[in-house]
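Here is a short report on a chain and its packing. Look over the sequence and the model before reading on.

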Amino acid sequence: METVTTANSAEKTWGGGDNQPMGASYGKLMMWFFIVSDALTFSGFLAAYGFSRFKFIETWPLADEVFTHFPFMHGVSAPMYYVAFMTFILIFSSVTMVLAVDAGHQMKKDKVAIYMFLTIIGGLIFVGSQAWEWKNFIKGEYGAVETKGGSLLQFVDAEGHRVALADFAATLQEEREQLTPNKGRWFMSEATLPTYSVAEVEAGFKAHPDLLIRTEVIYEETEADAKNVTINHELTKHKHKTILTREESEKRLAQASMVVEGANLTRNEYGSKLFADFFFFITGFHGFHVFSGVIINIIIFFNVILGTYEKRKSYEMVEKVGLYWHFVDLVWVFVFTVFYLV
Amino acid sequence: MSHEHVSNTKRIWTVFGILSLITIVEVIFGIIKPESLHLNSFLGLNLLNWLFIILTLVKAYYIVYAFMHMEGETASLRNSVIIPLIFLVIFLLFILLTEAHYIFGVFKDSTIKWNF
């Protein structure tokens, strides 16, 4: 801030610079303060995710089995491609942001405006993509069954491929009406009923003798596992989920207590209950940052167009929102690794 | 702080190229999961995950140094942002992951079991 002068401006201050500590303006330094604290917040979340994952390391869902959707490609398993696309969008919007900052240094108003506009578009595409990702995650694809003990059972065919509940569940003549507040005697309601009841899934399983159950447990080629007669050793692969024999599958399914379709904050069809919680919370918190970034970028964009920074003879404000925007990109790089790759 | 106001456009596109390349490599490895990396581990973490973590840190370096223009800041600002962050994050991860590993052991080996 060139206009601000203090009494001791002639003296040498901490870390060099003239009257600015560390040679950075007040606004930029404060943005760095914010970024450091926000980075620690995200580190806390990701470390908590790591904690829960290490605690349930044997049963944690495998990411490339969960995120397999790509727009206009139904039924095709396309792990990773969509998040890769999202990552590109965010990196590219970072590039346009830094180009805007660069154009600001040269006081080229029109170029700054164009690059800011592209950055906003990139941010909106990213938030939209995340909404689509959430939609698929919440809707689910195959469905699963939860046992009385709280573990999750999924279904596979004789080749070990996943089978959706809709492909085998029987249709029984049973009526189960959703309890909604207007039907209750008091303030009563319940969660949305699954498409199939436990009885229908069990009947369907009985009618299809080639179906097997896949548990949450990740198979490790240990001595004890190799001797375990309840495991279907032909289909189960090292570092993949364990598939059971038909007799053991029937035994496990007898303990079923509810049908799980898709995901919410309580349970999800992918496995560990905490998995969906962390997914919603961390990607949601990051998505909220992106959304805030888009709003801030829009405000700055209008200021650029109105010539505010031209009058101020400095585009430093663009630089400051740029710092925030790059930080959001930086966080996504880590979220991407932690949720989709590792 | 680039007071000289020179254009860095070439550098920006180079960094974009590097970041894209790393992302593509990560995705390819994530889809193929080569067994030689996936099934061998070093310090309790398999080599594939080591690769992903190292590539992520390289990406983070380029974003902070080139895009956030950390390379142009004074050494004191650079150090006061980066050193505390790196130290605290490693500290937090070490504490939490060690504890989680211990709890996993308790569930697995003691009388409290998740066996239903």
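Leaving aside residues up to four places away in sequence, A:M116 touches A:A100, A:N297, A:I300, A:F301 and A:V304. This comes from a predicted model. A:M116 also belongs to the largest nonpolar core, which has 71 residues. Along with A:A100, A:V112 and A:V318, A:M116 touches the most other members of that core. Helix α10 of chain A, residues 316-341, supplies the largest share, 17 residues. Another core lies apart from this one. It has 22 residues, including A:V145, A:Y196, A:L212 and A:L235.

| Core | Residues | Some members |
|---|---|---|
| Largest nonpolar core | 71 residues | A:A100, A:V112, A:M116, A:V318 |
| Another core, apart from it | 22 residues | A:V145, A:Y196, A:L212, A:L235 |

Next, a helix. Helix α8 of chain A has 34 residues, 273-306. Why should it span 50 Å? The reason is the rise of 1.5 Å a residue. Its end C-alpha atoms are 50 Å apart, so the model agrees with the expected span. Just after α8(A), A:G307 adopts a positive phi of about 85°.

Now the whole chain. Chain A holds ten helices and five strands. Its radius of gyration is 27 Å, whereas a compact globule of 342 residues would have one near 20 Å. Along the principal axes, the C-alpha atoms fill a box of roughly 85 × 55 × 40 Å. Of the 342 residues, 38% count as buried. Among contacts in chain A with a separation of 6 or more, 66% join residues 24 or more positions apart.

Note on methods
Residues numbered from 1 in each chain as written. Chains lettered and ligands numbered in written order. Predicted model: local features only at pLDDT ≥ 70, side-chain atom pairs only at ≥ 80, totals over all residues. Core = buried A, V, L, I, M, F, W, Y, C linked by C-beta atoms within 7 Å. Buried ≥ 20, exposed ≤ 12 C-beta atoms within 10 Å, placed from the backbone. Helix = DSSP H or I, 4+ residues; strand = E, 2+ residues; numbered from the N terminus. Contact = placed C-beta atoms within 7 Å. Expected span 1.5 Å × (residues − 1). Rg over C-alpha atoms; globule rule 2.2 N^0.38 Å.
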